[in-house]
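Here are my notes on the model, set out as numbered points. Please read them with the structure open beside you.

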Amino acid sequence: MSDAEKATALASGVSDRGQAAALDASDPLREFRDLFELPPDVIYLDGNSLGPLPRSTRDRLREVVEGEWGTRMIRGWDEGWIDLPVTVGDQIGGLLGAAPGQVVVGDSTSVCFYKLASAAFELRPGRTQIVTDVDNFPTDRYVLEGIAQQRGLEIVWAQFDRTRGPVADQVAPLVSEQTALVSFSHVSYRSAFVADLAAVTRAAQDAGALMLWDLSHSVGSVPVSLDADGADLAVGCTYKYLNGGPGAPAFMYVRRELLPEVGQPIWGWLGRRDPFEMGPGYESAAGVHRLLSGTPPVLGLVAVQQGAEITSRAGIDRIRAKGIALTELAISLVDSQLAEFGVSVASPRDSSCRGAHVAIAHPDARALCGALIERGVIADFREPDVIRLGLSPLVTQYVDVWDSLEVLRSLVAGS
């Protein structure tokens, strides 16, 4: 039996708080919780939106501000700052099954997504369609709509089961010889459905299209194998499960075979062949450097570096096993304690296709979410009727799941 299967079996059988506490006592990741700043008066279940602060990040940023910026000043660029987009990119790539030289960190998720989506159309000239879904993450949809409007393209809008997401045999009929780009989220931001990255990618590639994945809810929570699964392009944020901090820079992945051909629409000095030459005209840098534009956000990159290091040390397999166990516990408690009050599970029940958060539905979800927050349980609401419980494996305890659902039960039961 695998670690995930063992953890799942134990979590599914929890019937009182003492059993949840026993799981915490035997949790192989229990020491990692102490690496984060966590207020004692709240249960934080929103790490899938913003991860908590690693204590090492606070200390490292102080070193950079006071010791590097404060004393080395501009010399810091020659002492490691300028390389951070690629060195941190390779670090993240290791969490995503990507060999070095294919991941770079730089801009916001929206800007990174725009760069790669635009690049796809330069790589597939003459094609006029984009395929995405109506439940894709909003910024992805908006960026694609903007590109379509600017270029006179058509968007083919897929509609999947809202508790699930893109499935290869449903994607394949939507893709044609006119499709340049197919884009979905690997883990649904609403339901936590985990798409079959390899199968959906093949469905796009079989029609000659490029596949662009949003890994924002994947990186640091579920295993990803970009190289082995033949992915073309991917983006993702770093402030959720990588704990990079509010507004931390995002990453871009381009498959090695595409790198010599790929272009990007924001020509900035750092993406030039020799940025310090300051010469006339733009000549793209080689390799993954060609995806960069402006000056690297050093403080943000340093913060991401710390979060990625902690995640790497914990190991994605152990993180995944605990994520499955936490979500299994939440689902079991919803079924046994809350179903009679109209609360239902809006995430996949098959743990193999569920990420590290659980969506639960109730007609009064918005008001209930506000009431939870007032009582010290920090979750979030998503239209139209979903409360998301972000169960971050490095910091969330089994008793946190138990206690938060006890609070929710008291609210829906009117007690």
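1. The model is predicted. A good place to begin is the side chain of Lys240: one of its polar atoms lies 3.3 Å from the backbone oxygen of Asn48. Asn48 is also among the residues in contact with Lys240 once neighbours within four places in sequence are left aside. The others in that list are Gly47, Ser49, Gly51, Ser216 and His217.

2. Where does Lys240 sit in the chain? Lys240 belongs to the loop that runs between β9 (233-236) and β10 (251-254). Is Lys240 buried or exposed? Its relative accessible area is 8%, and the cut-off for buried is under 20%, so Lys240 counts as buried. Gly307 is 67 residues away from Lys240 along the chain, yet the C-alpha atoms of these two residues are separated by 9.8 Å.

3. Next, the strand that comes before this loop. Strand β9 is covered on both faces. Leu233 and Val235 point to one side, Ala234 and Gly236 to the other, and all of them are buried. As a rule, side chains in a regular strand alternate between the two faces of the sheet.

4. What does β9 pair with? Three bridges join β9 to β8, and these two strands run parallel. In that pairing, Asp214 stands opposite Val235. Four bridges join β9 to β10, and here the strands run antiparallel. Leu233 of β9 has Val254 of β10 opposite.

5. Now the aromatic rings. How many aromatic pairs does a search of the whole structure find? The search finds six. One of them is formed by Trp77 and Trp81: their ring centres are 5.3 Å apart and their planes stand at 90°, so the pair is edge-to-face. The two residues fall into separate accessibility classes: Trp77, at 22%, is partly exposed, while Trp81, at 9%, is buried.

6. A second pair to look at is Phe184 with Trp213. The ring centres lie 6.5 Å apart and the planes make 55°, so this pair is tilted. Phe184 is in strand β7 (residues 179-185) and Trp213 is in strand β8 (residues 210-214), so the pair ties together parts that are 29 residues apart in sequence. Phe184 is buried, at 0% relative accessibility, and Trp213 is likewise buried at 0%. Ring pairs also bring in Phe160, giving a cluster of Phe160, Phe184 and Trp213.

7. Further along the chain there is an open sheet. Which strands form it, and in what order? It has four strands, in the order β11-β12-β15-β14, with antiparallel pairing. The edges are taken by β11 (344-345) and β14 (380-382); each has a single partner strand, so one side of each is left without a neighbour in the sheet.

8. Within this sheet, strand β12 (residues 357-361) and strand β15 (residues 386-390) are joined by five bridges and run antiparallel. Ala361 is found opposite Val386 of β15. Helix α10 (residues 316-338) packs on the sheet and touches β11 and β12. The direction of helix α10 makes about 15° with that of β12.

Notes:
Residues numbered from 1 in each chain as written. Predicted model: local features only at pLDDT ≥ 70, side-chain atom pairs only at ≥ 80, totals over all residues. Heavy atoms only, no water. Buried < 20%, exposed > 50% of the residue type's maximum accessible area, 1.4 Å probe, protein only. Contact = heavy atoms within 4.5 Å. Polar contact = N/O pair within 3.5 Å; in protein donor to acceptor, adjacent residues only side chain to side chain. Phe/Tyr/Trp six-rings, centres within 6.5 Å; stacked < 30°, edge-to-face > 60°. Pairing = 2+ DSSP bridges. Axes fitted to C-alpha atoms, helices over the stretch in contact; angles between N-to-C directions.
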